[in-house]
Each structure stands twice: as structure tokens, then as C-alpha cells.
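Trainee: I am new to this structure and would like to go through it slowly, one question at a time. Could we begin with a term that we will need?

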Amino acid sequence: MSVTGIGAAVRRKEDHRFITGQGHYTDDIDRPGQAYAYFLRSPHAHAAIKSIDAKAAAGMPGVLGIFTGDDLTADKVGGLICGWMIHSKDGSPMKAGPHPALAQGKVRYVGDHVAVVVAETLAQARDAAEAIAVDYEPLPAVIDTANAAQAKTQIHAEAPDNTVFNWHLGDKDATERAFKAAKHVTRLDIVNNRLVPNAMEPRAAVGDYDRGDGVFTLYTTSQNPHVARLVLSAFIGIAPENKLRVIAPDVGGGFGSKIFIYAEETVCVWAAKKVGRPVKWTADRTEAFLSDAHGRDHVSHAELATDAEGKILGLRVKTTANLGAYLSTFASSVPTYLYAPLLSGQYDIPAIYCEVDAVYTNTAPVDAYRGAGRPEATFVVERLVEVAARELGKDPAKFRMQNYIKKFPHQTPVIMMYDAGNYAASMKKALEIIDYKGLGKRKRDSARQGKLRGIGFSSYIEACGIAPSAAVGSLGAGVGLWESAEVRVNPIGTVEVLTGSHSHGQGHETTFAQLVSDRLGIPIDNVSIVHGDTDKVQMGMGTYGSRSGAVGMSAIFKALDKVIAKGKKVAAYVLEADEADIDFENGNFKVKGTDRTLDFGSCALQAYIAHKFNGQDLEPGLKEGAFYDPTNFTFPAGVHICEVEIDPATGVTRIDRWAAVDDFGVVINPMIVEGQVHGGIAQGVGQALLEAARYNQDGQLVTASFMDYCMPRADDLPSFDVGLTVTPCPSNPLGMKGCGEAGAIAAPPAVINAITDALGHEEVTMPATPQVVWRAAQKSIRRMAAE
Amino acid sequence: MATVSLTVNGKAVTANVDPRTLLVQLLRENLRLTGTHVGCDTSQCGACVVHVDGKAVKSCTTLALSLEGASVTTIEGLANGSALHPMQEAFREHHGLQCGYCTPGMIMAAVDIVNRRGNDLDEATIREDLDGNICRCTGYHNIVKAVAAGAEAMGKAPMRQAAE
Amino acid sequence: MYAFTYHRPATARQAAGLLAKKEDAKLLAGGHTLLPTMKQRLASPAHLVDLGACADLRGIERKGRNVVIGAMTTHAEVADSAIVKEAIPALAFLAGHIGDPHVRHRGTIGGSVANNDPAADYPSALLALGATVTTNKRKLTADEFFTGLYETALEEGEIITKVSFPVVSKAGYAKFRNPASRYALVGVFVAKRGSDVRVAVTGAGEGGVFRWPEAETALAGRFATKSLDGLKHKADGINGDIHADAEYRAHLIGVMAKQAVAQATGK
């Protein structure tokens, strides 16, 4: 391992610009002559729009244009799309209502886009928006996930009972048989709380239009600029792809919320041509709360069947998933194919059956948020397993190990073929780190202080590296999920790698360069990673689902293979040897069994000057591209153990220690991987203890600022003990599995299992705020007194 | 419009601004110092933290006009020429940043902690004093490490600290 | 924000003059409540009178048996003041736990007191310590000053110039923070001066800061945490929201009161 190669904790190349304030985020971009957009948003959760009168507003100072849904229709601008088709149990396609970028006749959630004002300044745009008279006829709002299908009010004409689909996966009959044969059944009602992603950089867009050549440029906060261009071009109809450039510069965190194609960027880029000026919009935090796609929001009933020895026989789940008022870009895939196929967890479960009803409500659209479906599945499985162990009087760690899958490959009853893993190894290492043996003493020590101590396990698994294109195509995906790479070697041997993976905190500029440095044997400073611009990178599918390593780097790996192969041909001419006799190692092409070598830089120069070979026999230049389509999902897995101490007097839960042992396969940069784990755990702890997006019955979001939506802060969290085990992933050339979402997936059940262990009963909901825990602790105290 | 004169990163600045202009707008829009960010509207996230007369403040909750005669230091003014400030160096060394958006405010807050509490900082103190800065990426683990290391390094580099 | 005219007087007297002359004028102290409110367009004064340059409104001094704090003194200055730490350490502690470090560098005691946010920390200290609020026109006791939710006895054109805190023998403050906003979900300030014990509660009351007479009586007997054993505040009149309902808040009043007494007695 070199100091900059695979496996080295290389300090990040991108950091210098961020720590000196020289990053380039979308809101940092000002175009000459730029105007500002302000969106007039619905104050109602559900209302018919009887009229919009913008006459007075249009005459106000600085106003350049006011547009409504009718203007988009007149210009044949299409609605926003959902790119994954789900079919119901009866075979019927999902029932999707239209999703106009600006409302047409109706608004369906607070924050829905009614009109846009473009003006010289933001203040003028906002002033004018306040002068637009909208005549609303308020309609009853449908808010609750569990009751949406029974509501009398219908949100979309296309979706009776506010139901998008009734979907299922697994073998119902086999599962019923398993439950009949069971000695014990564990039952749980579970609410997976609704979250707001809250990347620290609010979404922003700058639309620009060049009248000379008819090209649109959109600067936007996107995790996948090429997908944005594809959707804006092919479906929404802004412009053909060759006339639409999408640039996602530095992006300040995404966590899923910046995958999607939203109304605001659609309108900004369209309006730029309309008003003949660049148009900028930057969300304030309140707008972000109202209009970013939210995450989670499941209500489930789950059951686990076990035999007399504690062997798991079957698992059954019925889930209602709230998709909000409209179907966001990938909304339908999250509670289906990103959820149910993970319900086997790390366990050998012969029979699984899952039903999912997806409903519309008058709330913000819900889509992928860090983990996307997999945290929901893991929460169901790991709560069930923990409670089952308690009910059976078994040690939760041993009960898990008893039921772990031990042979690979393993075909689960819910699609997935797990390829490699060693779950017990992670468990054993985590037990050591947390000092499981010392738990009894620590519990007694806490009790002496009047505190309650508990431990919680989470043996999570996720399916990452999404995904084999043909496989997801057969499941309803509208796109392929490969990744592209282009390796451009310059004549003196420096390298640019153009990748479709976008980096918004993950450190690709470093890890991708490590791979190149390692394989080509060149200094890491000679490698630049280029991403986020559709004019530079030909095509890409973007960053989400922990796929940039397993898929994005595999594409680079493949392109590097081609570069090396081409380099060998060049070297063969230069070294006057047979191509088959050329080896490439440590940055040198070498004739086998001789001391004749050509270093990589010299080879690149020879490839470009083309003096040593005939251009008809070998193309000059050294630039190769590749598309990599994965052959399987990857299956990162691990064990997180959380230990909490609760003050029953206040209900405050303090996380005392955290052990995380993850198997991400081969790790390129352990420093960056650990950072991903830390951040993921923090988001998972946030879900478990602090965060909840709450609507009142009128559909007003009552947690629409950091005053009421509780973001994890430094003093809410402990330091984390993070360890790794490694089983290389057999399905990609680097053996990588992915690490971006693990913490967020693993953490919530670990925390809740620890709290319920401390309290001695299971009646704790997320977020387990001090009030929730205090009330639950009162119940524990009453029960103890009664016993 | 009204005029305000102040010092920003050691340079005298006079600006003619709408009275509504916040310090962060003066920095970002008038002076094009875009390292200072805005992450919320309720004075909580700390992405906008800069130093005014040596003290950390939220530039999103400070009127530009109220800074007549004040001395403002932003993330762009922290390094001494090409030499990074020890706290900047520590954030890189300890991987105290991911997306980078909260980072300028976080670093300015960290330097302020050291200015107030000295160079030997324990974990609890750092966590408590980072109360006014939200990071969504790092889980704070490495930020806490970076602040402790940066604080120690600042103690060993008194000249640089004085320059700030 | 809506447009306004900005004024920056150099003295409290000039500020009072502007306030009297200008229609729809508002005072700007630290700005950490007013500016966010204006950004949301929920407040729109025509004139903003910034007290930031009024040097006569700043400073902390010991005057006999009182600690006198100028209205524009920041929370950080109070928290770090050797005078306050020596005379009324609980007051320095309280100031050091308002908001976050950056907020404490701008936020002022005068601004906090004048706003009388039901979740602000300072009102509890004023009420429990029996402080006196001095304005450009008169002096008001804390009991007279706080009149309701965001309501004070301040009249048009009146400016707080200083707050005077009597030095007490024992005092303590405990705060249960709102996990999101970090304001006081419940804050309890206890103070003992001679035989007089006062317990003031912030964050919890439907009508803002209030005194808890039952706890005062209990502590007047013996100033110790034990005196509060079994004493519960009733949930009537206690506010409830998504973070804490009235029952939980009422419970926390008891818990925080004990913690405050423990701090005051060093136990």
C-alpha cells in the first residue's frame, strides 16, 4: 500500500477550498444581469384555486414577470415525474396524479407552488408575491398516514382511496404456514417517523439562457446533474439535451433530498428564457422544510415467528407508506424495492411476506432520504428480533448469532442473493469494543445513581451499489443504474477522470484519485476528478444509495484497464517488444525479463506524439471511457451497539457509548469511511431521539424551522468507536460494498433497543424525546412498584 | 441607502447599502466573500459565523450598518497569506469536514472557543461550545477532534494567533 | 425584511429623542429576536433605533448591596464578569447558558428583559432576585415589570437603561433546554435573601415568567432540596407544545427547582 493508494487515510484533496472559504456552491454563483425568483406558496394543505389575480403585482417596482401553471402549460412544459413504476397486487399500474411544477387548479400541501415572481431583487419579488390575490376554496386535508385511505377527501382524481398502490412481496402462503408452525410469535406496531433531510446548504438554482445559440444552462444543487438534464429534457421538455447544460458545482450535502427534480429548478431555467435574464432562486430554511422531499413516514404492523429452539421461521409485515401530496422522482421505489427486499436482515428466514399500501396525503412529497427504505426495513427487523429475544428469555446477541446466515451465497425469500459476509465476526468484535461483559456492573453503577442503563443491538444489512440495470428494469425502474467514467491522460502523464458520480461531501476527489494513483503508479497530485457538469462528463447516474464506490469506481477501474492496455500497445512500439511481453507495474511499462522500461508519463507523451507507431495501426492519444453495469447489489452489513443511560427524573437519554463494526468490503480510505459512519450514526440517532416532521390536522408543518425541528448538535452525541471487518465483495473488481448509509440504517433500532432495555418495556416511539422517555419511565416505575 | 465604514479582513471597506442589509449580505453580495454561508433563518445553524472585533457572531443576525467602525474577520481572512491558520489545518488533518458548507462557520466558532477558553480543551467543553453550529455530515466526531487539535496547535503558534 | 430607516444614536438620551419623534420606531438591542422576526416579515418598523453605540447603556458595576448591569451589556459580558461571578454566581451561570456563544456575544440583558419572551432565561432571575429595572423615565420592580406573555410595563418611548440586582446570600438557576431551540423549556431561578426566598419559573407559564409560592414557603422553612420533596407544581396554567405538554413541564418545574436549590446550596 502506498501512502496515497488504496487503503491509505489520505487527507482530502478538496478540503483546501472549503477550509479557506473558496468553495463554489450554487448560491455563490452570480450571473451578469441576474434576476431573482420568489415562489408564492400555498398556505393551505388542500384547496381549489378559483382565481389568481396578479395584475396589481405585475406593475410593482422591479417585477420582470409573474408566471403560473397556465404559462407552463402554454409553453408545453410538462409536469414533474416519478421514474419508477410499481404495480399493485392485482397487476394494475400505480395510480399517479399529475405533478405540475406550478399548481393547476388545486394546491395539495402547504408550500405547494402557486406562482413565481421574477424581479430585479429578491425583496421586490417577495413584495410582488404578497400582492398577488389568490382566491382559494379550502378543502379538508388528509394528514395521517394510517388513515389516509379511509379519508372522505380525495387528493387526486386518479387515485381512489388516496391509494397509489397496494403492493406486496414474498410468499404469502409459505409465510402463513410458518406462522402456524411457530411456537412463539412476536408482534409489534411500529411508526417510522417522518424526517426532513436538512442538508446544511439549502437547495438553489440559477437558470440562464443564451439567446445566441439557444442553449440553457442550469446551475443547481443536484446529486445527479445528468439525471436532472435527462428529466428536464426528455420528460419536462425544457430543451433537447444538446441545448441544456446542467452544472452541479460544490453541493453542501444531499442525503437524498438533492436527487430529485423539483419545481424550482424547472421554473428557474424555463423563466430565464421567458424574462431574458438569468434567474436565481435560493431556498431559505423555511422553504426547505416545506418543499424538500421528506423521508421515512411508515406505519407498520410486524410479526416474527420462531420455533421452540428460537430459530426464526417467518416474518410478516403490513406497512402503510406516506408518499405525500405528489409522487417525487423516486418515491415509489423507496417503500417497495428498497424496503421489502431487506426484510431478511442478516438472518436465515425461510418465509417472508410484506404488504405495502402507499398513500397520498396533503403533506410534502416523501422520497429517498439517507438509507431510503433500508432504515425502515432494518428498524422493523431489528426491533422484532430484539423483542423476540427478550420474550424468549434469550441473550439478544446470542439470539442474533443463532439466526445469522452463515453460508454464502444466500438466496433470501425476498429477491436478494447475498454474496458474502461474516456477520458473527462483526458481532464478536462489537461486543468486545462495547465491553459487553462489563455491562452488568455498569447497570448496577447507574442504578446506584438513580439512573437506568440499557444496551441495544442492531445487526443491519443494506443493499447498495445500485444496481444491475436489467434487474431494476424488470422491477419498474425507468432508467439504468450503471455509471460511466472517462480517463483522460494528458501528454505529460497527468490525468483527469470524468465521472458521473457527484461528490457532495463524500470525498470522491480524494478516493477516486487514490484509485488512479494506485493503479497507474502516479502521484495523487497528478490526478484530478471532474464531475458535476453535463458538458464535461458525457453521462452519469449520480450519487445515492452508497453507489459511488461500488459502481462509480468500478467504471473508473474498467476505464483504467483500457488505459493500461492501450499503454502497453504504445510501450510495445517504443520498447520494440511484443505487446504480450509488456508488464505494467508501479507506474512503469516493462519488457518481461529485461530492464527495459517506459514510465507512465513518457508512455503518455509517446501516445500523443505518435512518432513511434503508425497511426493506421494504433490510434494516437491516451483516453479511454467505460460504462460499468453492476452484476449484483452489494451487501454492506455490520453490528452497531448502543449503550444509554436514562435519567428517569427528566427522561433525558444520554448515549454513553457506541460500538460500530461494519463490513464494507475493501476500503479505499478508512478516514473517509469512518467519517461516513459517524455522520450516518448521527442522522440515525437524530431520528431515534430528536427529529420529527410534524403536521397538525390542518396540514400546517409545525416543525418548519430549527427552532422546532431538532437537529442533532455536538452535545447531543458521544464519540463513536468504529471498527471494520472485511469480506470483499465478489461482484465488483475492487471488492467494495459502500458505506454512505450504514450509520443511518443501523442506528435507530440500536438506540430504541437500548432505551427499551433500560426501561423494561417496549412502549417507546421515535423520536424518544425526553418527554416520551419520561412518560415511559413512569410506566416502568409503576410496573416495578406493582410487581 | 446609507453608508457604513468598517474593516474586513484587515482592509478598510466603505459600502453604500440598503439599511436592511445584513452583515452576511454585505460580505457575500457586496464584497463577494462567499465563504460565509447562510443555512437557516432563525439564527441557529452557525454557517454564517464571523468574528466582529474578535468575537464570534452570527452575520445573518447583524445589520451591516450596526458595524460602523468594527473590525470583521471572515474565513477568507483567517489564513496568514498562504499559511493556513492552525485551526484550518486541524480540520483538514482530522477530517473535520465533509460537504464543507458548515465548515467556515465551524472553524470561526472553533477559533472563538480557543480565544475564550484557551488551548487545552476537553471534549465536553468543545461539544457544549459548538452549540451554535450545526453540521449534518460529520456527526461532530471529527470536528471535536479537530477543534481540540487546532486549539493545541494555536498554543504552539502564538504569532499566527496574534495575526488573527 | 421590509424597508426601514436606520438610526444609530450615541446616547440613551438621543435614542429616547428619536423614539419620541419618529412614528412607528422600534429599538434594536442585540437583535437576536427582532431581526429574525423582521426577516420573516412578521415585524415591520418604519424606523429602527440601534442602541449599539450608546456607551452609557453598557457596563457592570457593584454599587453597595447591588450589582448594576447596563441594558446593552451582552450575555457574554455578564457571564464572564468577575463582579457578577463573585456577587451572584447564579446570574453569571444563567447568562452563560443563554442561546449559544455567538448569540451571547450580541444578545443583551435589556433586549431580553424588554421582550419578555416566555422562554427567555433572564426574566426568572429578575423576578427571583427582586431586581429593579431602571428606564429613562422611572424605576420598576421586577414584579411590576413583567405583565404577561411578551408584555411588560414599559410604555411608549421608554428605554431600559439598567437592571439592578440585589446581592443575595444564596441563588441558583437550573434550565431544561428545549432540545431544538435551546430556549428554556423550563427554567427555575431560586434566591434566598435573609429569610425571604423567591422561586421564579420561566419557559413554562402560559402567561410568561411566574413565581411558585408553594416552593417559596417550603424553602423558607429550610433552604434545602429536601424541602421540595413531594412538592409538585400543578399543570393548570402551564403551557404545552410539541416538545413538552403541560403535565411534563409541570413535572420539570419540580425537578429544576431542586437542581437550582442544589446549585445554590452547593449540594
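Mentor: Let us start with burial, since a residue is called buried if 20 or more other C-beta atoms lie within 10 Å of its own. Please keep in mind throughout that this is a predicted model.

Trainee: With that cut-off in hand, are the residues of strand β12 of chain A that point one way and the other way buried or exposed?
Mentor: Strand β12 of chain A covers residues 279-282, with A:V279 and A:W281 pointing one way and A:K280 and A:T282 pointing the other way. Taking the two directions together, the state given for all four of these residues is buried.

Trainee: Which strand is joined to β12(A) by 4 bridges, and how do the two run?
Mentor: Two strands should be considered here, and one of them, β1 of chain A (residues 35-41), is joined to β12(A) by 2 bridges and runs parallel to it, with A:A35 standing opposite A:V279. On the other strand, A:A204 stands opposite A:T282 in β12(A). The strand with 4 bridges to β12(A) covers residues 204-210 of chain A and runs antiparallel, and its name is β9.

Trainee: In the open sheet of 3 strands in chain A, which strands stand at the edges, and why is one side of each left without a neighbour?
Mentor: The order of this sheet is β4-β2-β6 of chain A, with antiparallel pairing. Strand β2 (residues 47-53) is joined to β4(A) by 2 bridges, and A:A48 stands opposite A:K106 in that pair. Each edge strand has a single partner strand, so one side of each is left without a neighbour in the sheet, and the strands at the edges are β4 (106-107) and β6 (133-138) of chain A.

Trainee: Which elements are included in what covers the buried residues of helix α4 of chain A?
Mentor: Helix α4 of chain A spans residues 122-130, and its buried residues are A:Q124, A:A125, A:D127, A:A128 and A:A129. What covers these buried residues includes both strands and a helix of chain A, namely β1, α2 (55-58), β3 (63-68) and β5 (113-119).

Trainee: How is chain A divided into domains, and how many residues of domain 2 of chain A are in contact with domain 3 of chain A?
Mentor: The assignment gives domain 1 (31-139 + 200-253 + 258-291), domain 2 (298-466 + 632-786) and domain 3 (482-628) of chain A. The centres of domain 2 and domain 3 of chain A, taken over C-alpha atoms, are separated by 40 Å. On the side of domain 2 that touches domain 3, the residues divide into 12 nonpolar, 6 polar and 2 charged, and the number of domain 2 residues in contact, facing 16 residues of domain 3, is 20.

Trainee: Which element gives the most to the side of chain A that touches chain B?
Mentor: Here 41 residues of chain A are in contact with 43 residues of chain B, and by class the chain A side has 16 nonpolar, 15 polar and 10 charged residues. The elements giving two or more residues to that side are α1 (15-19), α8 (285-291) and α17 (670-690) of chain A. The one that gives the most, with 7 residues, is α17(A).

Trainee: How many residues does the contact take from chain A and from chain C?
Mentor: On the side of chain A that touches chain C, the residues divide into 8 nonpolar, 4 polar and 2 charged. The contact takes 14 residues from chain A, and the number taken from chain C is 10.

Trainee: Turning to chain B, which element gives the most to the side of domain 1 that touches domain 2?
Mentor: Chain B is divided into domain 1 (2-75) and domain 2 (86-163), whose C-alpha centres lie 21 Å apart. Of domain 1, 16 residues are in contact with 12 residues of domain 2, and the elements giving two or more residues to the domain 1 side are β3 (49-52) and β4 (55-58) of chain B. With 3 residues, the element that gives the most is β3(B).

Trainee: Why is chain C as compact as a globular protein of that length, and what is its radius of gyration?
Mentor: The secondary structure of chain C comes to 11 helices and 14 strands. For 267 residues the globule rule gives 18 Å, and the value for chain C is close to this, so chain C is as compact as a globular protein of that length, with a radius of gyration of 18 Å.

Trainee: What is the mean pLDDT of chain C?
Mentor: In chain C, 100% of the residues reach a pLDDT of 70 or more, and the model as a whole scores ipTM 0.97 and pTM 0.97. The mean pLDDT of chain C is 96.

Notes. Residues numbered from 1 in each chain as written. Chains lettered and ligands numbered in written order. Predicted model: local features only at pLDDT ≥ 70, side-chain atom pairs only at ≥ 80, totals over all residues. Domains from an automatic or database assignment. Contact = placed C-beta atoms within 7 Å. Nonpolar A, V, L, I, M, F, W, Y, C, P; charged D, E, K, R; others polar. Pairing = 2+ DSSP bridges. pLDDT = per-residue confidence, 0-100. Rg over C-alpha atoms; globule rule 2.2 N^0.38 Å. Buried ≥ 20, exposed ≤ 12 C-beta atoms within 10 Å, placed from the backbone.
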